[in-house]
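Visitor: I'd like a close look at one part of this protein, the aromatic rings and what sits around them. Could you walk me through it?

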Amino acid sequence: MPERLKAILDRAKEWWNRFTTKQKTMIVAVAAGALVTLAVLVMIFSQPKYITLVTADDTKQAAEIRDLLEENSIDYQLSEDALVFKVREADQQDARLLLAANGVQADDYTIDKVTDSSFTTTESDKQKKYVTYMEKKLEKDLASIESVNWARITLHVPEDDGTLLASQEDSTASILLELNDPEHFTKDNAAFIAKIISAALGNETTEGIVIMDSTGMMLYAGEDETVMGIATSQLTLKQQAEASVRTAVKNVILGTNMYDNVEVGTNLNMDFSTIDDTIHTYTPVEGGSQGVLSEHRSYSSDSTGGESGVPGTDSNDGTTYVTQDNENYSQSVTEEESHYLPNERITTTNTPPGAIDYTTSTVSVSAINYVILNEDDYKAEDHEGLSWKEYKIANAQPVDVTETIDAATLVRLQNLVANATGISTENVTVGLFEQNIYFDSEGFNMSLTDLLQIILILVILALLAFVIIRSLHSERQEEVEDEPEELSVEQLLESQPEETESLENIEMDEGSETKKLIEEFVEANPEAAANLLRNWLNDDFA
């Protein structure tokens with residue numbers, strides 16, 4: 001093994017000694033430049049990433065955090081105001097656990113100017129810490145929902161001062177959401193979020209939960225039936241209905257592949273009144289003209305007394321006077337009362353609010369077709385000699401092509417919208433437009449940094465190629481210089497008198513002896529024999 005290593009070193013030394021001093025200098029310079037470039041690139045891409053760990057409340061707390069990090073050999077960076085600490089991303093978890101073990105909370109859970117995490121921390125401070133922890137935790141939970149980008153939560157938890165009133169008071173929450181798809185985030189989704197927050201706070205109801213999105217739309221106002229709550233519910237229902245109509249129209253228009261962008265405006269006439277319609281129907285019993293007898297009452301009285309006579313004045317004797325004599329008296333009374341049960345049928349119809357009146361609702365559609373124009377393909381002679389910049393300015397606005405397209409196409413689009421929404425074609429307005437999209441010539445799009453890197457790489461490759469070519473050229477020159485000069489037969493024999501005498505002896509001896517002498521001559525002088533043979537062959541060919 002040492003002999004092989006020595007042989008390799010000798011070959012390397014022999015290869016290195018072939019170069020001139022100038023070539024050696026160039027090789028060293030190129031290698032040094034390549035190493036420096038490689039070192040710079042490695043240093044740039046291997047820089048550790050630092051992230052914010054904690055922001056100290058004051059310099060005293062900053063000094064405590066610094067001592068903790070240094071004692072545990074955690075590399076950190078400190079801001080100019082000596083309050084913000086940054087650590088390597090790989091050390092983030094260890095640093096968080098270290099701070100938590102020493103009563104210092106990381107940035108995700110800090111309370112600004114509330115507590116210094118010292119021995120003087122009270123129960124009230126601990127409760128405030130817990131509230132902040134709950135806010136951050138619930139924000140992360142809500143942000144994990146697919147339709148929510150971020151959440152901001154403010155909690156109000158009644159302070160437990162030991163009184164009965166404080167123990168019975170519910171916590172409240174104010175929630176602000178940024179939605180990535182407001183059209184598909186329904187009021188039910190907001191109610192579900194309110195249930196989650198209420199359960200996390202330990203409330204029995206969601207009365208104290210208020211949810212609003214970043215556009216100012218009230219999504220949930222607690223379990224109240226106030227005028228604001230009803231108005232918000234109606235507006236939300238109208239927005240959801242219009243969003244559904246817009247989605248249906250966009251799908252059918254874009255599905256034709258005729259237009260690149262579609263905007264839809266709707267005005268749905270919705271009836272939010274609640275209608276309760278009750279109908280009573282009375283029908284007689286089958287085969288009868290009245291209902292079933294439920295109760296019957298009958299009363300009859302007959303009374304007779306006094307003298308009888310012919311009615312009128314014939315039976316009177318002279319002048320008479322009417323006197324009460326209790327004679328000739330008659331009375332008859334008959335009374336009946338019947339109650340029937342009718343065959344009654346009651347029909348109650350409840351029409352919920354939010355019905356859409358499609359006869360008075362309207363929808364408007366604007367469809368835009370984008371025309372792509374590249375500066376590389378632009379020819380001024382085809383556009384009245386306008387330059388590219390002048391043409392862009394002159395044709396920057398969309399062009400209304402509603403009146404220029406085929407009437408049958410316009411009717412088909414109106415029918416598509418009408419069938420998708422249920423709104424008649426008389427209430428459907430369609431506007432068609434074309435807009436140019438311009439792409440300027442990019443040319444040689446390369447930054448100065450990229451250009452310098454390419455130049456540096458090309459220079460390094462050129463130097464390496466130059467050194468290799470020069471080394472190959474030097475080797476060829478050395479081979480030509482080392483090649484022996486061809487000698488004629490006479491010069492070769494004159495330079496070797498002993499061999500010449502041997503050749504003369506070859507002619508006088510026998511064949512076997514001649515062969516022996518030739519072999520001895522070849523073994524003793526292989527180079528001379530080879531040159532002699534080469535010259536003979538050249539003479540024969542000549």
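Visitor: Let's start with Phe 85: does that residue count as buried or exposed, and why?

Guide: Keep in mind that this is a predicted model. Phe 85 counts as buried, because its relative accessibility is 0%, and the cut-off for buried is under 20%. Its ring partner is Tyr 76: the two form a tilted aromatic pair, with 5.8 Å centre to centre and 50° between the planes. That is one of 5 aromatic pairs in the structure.

Now hop over to another of these pairs, Trp 388 with Tyr 438. This one is edge-to-face, at 5.6 Å centre to centre and 85° between the planes. Trp 388 belongs to helix α9 (residues 388–394) and Tyr 438 to strand β17, so the pair ties together parts that are 50 residues apart in sequence. Trp 388 is buried, at 9% relative accessible area, and Tyr 438 is buried too, at 19%. Both rings belong to one aromatic cluster, along with Tyr 378 and Tyr 391.

Follow Tyr 438 into its strand and you land in a sheet. Four strands make up this open, mixed sheet, in the order β8-β15-β17-β16. Its edge strands are β8 (261–267) and β16 (399–400), each pairing on one side only. β16 runs antiparallel to β17 (residues 428–439), joined by 2 bridges; Asp 400 has Phe 433 in β17 as its bridge partner. Helix α10 (residues 407–421) packs on this sheet, touching β15 (362–374) and β17, and its direction makes about 115° with that of β17.

One last ring: Trp 150 has the charged end of Arg 152 sitting over it, 4.6 Å from the ring centre.

How values were computed:
Residues numbered from 1 in each chain as written. Predicted model: local features only at pLDDT ≥ 70, side-chain atom pairs only at ≥ 80, totals over all residues. Heavy atoms only, no water. Pairing = 2+ DSSP bridges. Contact = heavy atoms within 4.5 Å. Axes fitted to C-alpha atoms, helices over the stretch in contact; angles between N-to-C directions. Phe/Tyr/Trp six-rings, centres within 6.5 Å; stacked < 30°, edge-to-face > 60°. Buried < 20%, exposed > 50% of the residue type's maximum accessible area, 1.4 Å probe, protein only. Lys NZ or Arg CZ within 6 Å of the ring centre and 35° of its normal.
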